[in-house]
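Here are my notes after a first pass through the model. Have it open alongside while you read.

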Amino acid sequence: MPMIKLVHAISDSNIGGAGRYLLTYLANCDRDRFSVSVLLPAGSRLTAEIEALGFRTFPIEGLAEASASFRAVPAITAVLRREQPDLVHTHAALSARVAARIAGVKKIVYTRHSVFPQKPYLTRGAGKWLNGVA
């Protein structure tokens, strides 16, 4: 079975629920089947823990604490074009979803880690369209 190249993208600079989820996944993923790396904010507290598990990280300036950080899109796009992943899994990180589309990634998965209702501007009109396209 061919190796699947997977890039996770997370915008958390602290370790919250999404970060714990990602760390749990990384500690238990099938390394014979998946080649995994992680895009995350420069200076994120997750970086050391992810690297200690043996995974590559790509620190991105401007990605911290904002799902929609369009300043970070060019840097994320460059990494994705260089890495050419089969799949990008974004943990919120709208910027990474947009960058993955620009980079031509064929498969993009989006996980929204939240117990709160989605903001109305993301469920109607242009926000709904952007959320669906990206």
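1. Let's start with the burial pattern on H1. Ala-18, Gly-19, Leu-22, Leu-23 and Leu-26 are the buried residues here. They fit into an arc of only 135° around the axis, so they sit on the same side of H1. Keep in mind that this is a predicted model.

2. Why would positions spaced like that line up? An α-helix has 3.6 residues a turn, so residues three or four places apart point the same way. The opposite face, turned away from the buried side of H1, carries the exposed residues Gly-17 and Asn-28.

3. A quick sanity check on the geometry of H1, which covers residues 17-28: with 12 residues at 1.5 Å a residue, the helix should span 16 Å. The C-alpha atoms at its ends are 17 Å apart, which agrees.

4. What covers the buried residues of H1? The list includes two strands from early in the numbering, E1 (4-10) and E2 (34-41). It also includes helix H2 (46-52) and strand E4 (87-91).

5. E2 deserves a look of its own. This strand is mostly covered, with 6 of its 8 residues buried. E1 pairs with E2 in the parallel sense, over 6 bridges; to find the register, look for Leu-6, whose bridge partner in E2 is Val-36. Going from E1 to E2, the chain passes through H1, and this β-α-β crossover is right-handed.

6. E2 also pairs with E3 (residues 56-60), again in the parallel sense, this time over 5 bridges. Here Ser-37 stands opposite Arg-56 in E3. Together, E2, H2 and E3 form a right-handed β-α-β unit. So E2 takes part in both pairings, because DSSP finds at least two bridges in each case.

7. Last, a residue to click on: Ile-108, which belongs to strand E5 (residues 107-111). Is Ile-108 buried, exposed or partly exposed? Its relative accessible area is 22%, and the buried class ends at 20%, so Ile-108 counts as partly exposed.

8. For the surroundings of Ile-108, leave out residues up to four places away in sequence. What remains in contact is Leu-87, Val-88, Arg-97, Ala-100 and Arg-101. If you want a long-range pair to check, take Ile-108 and Val-7: they are 101 residues apart in sequence, while their C-alpha atoms are 9.7 Å apart in space.

Methods:
Residues numbered from 1 in each chain as written. Predicted model: local features only at pLDDT ≥ 70, side-chain atom pairs only at ≥ 80, totals over all residues. Heavy atoms only, no water. Helix = DSSP H or I, 4+ residues; strand = E, 2+ residues; numbered from the N terminus. Expected span 1.5 Å × (residues − 1). Buried < 20%, exposed > 50% of the residue type's maximum accessible area, 1.4 Å probe, protein only. Arc of directions from axis to C-beta. Contact = heavy atoms within 4.5 Å. Right-handed = clockwise from strand over helix to strand, strands pointing away.
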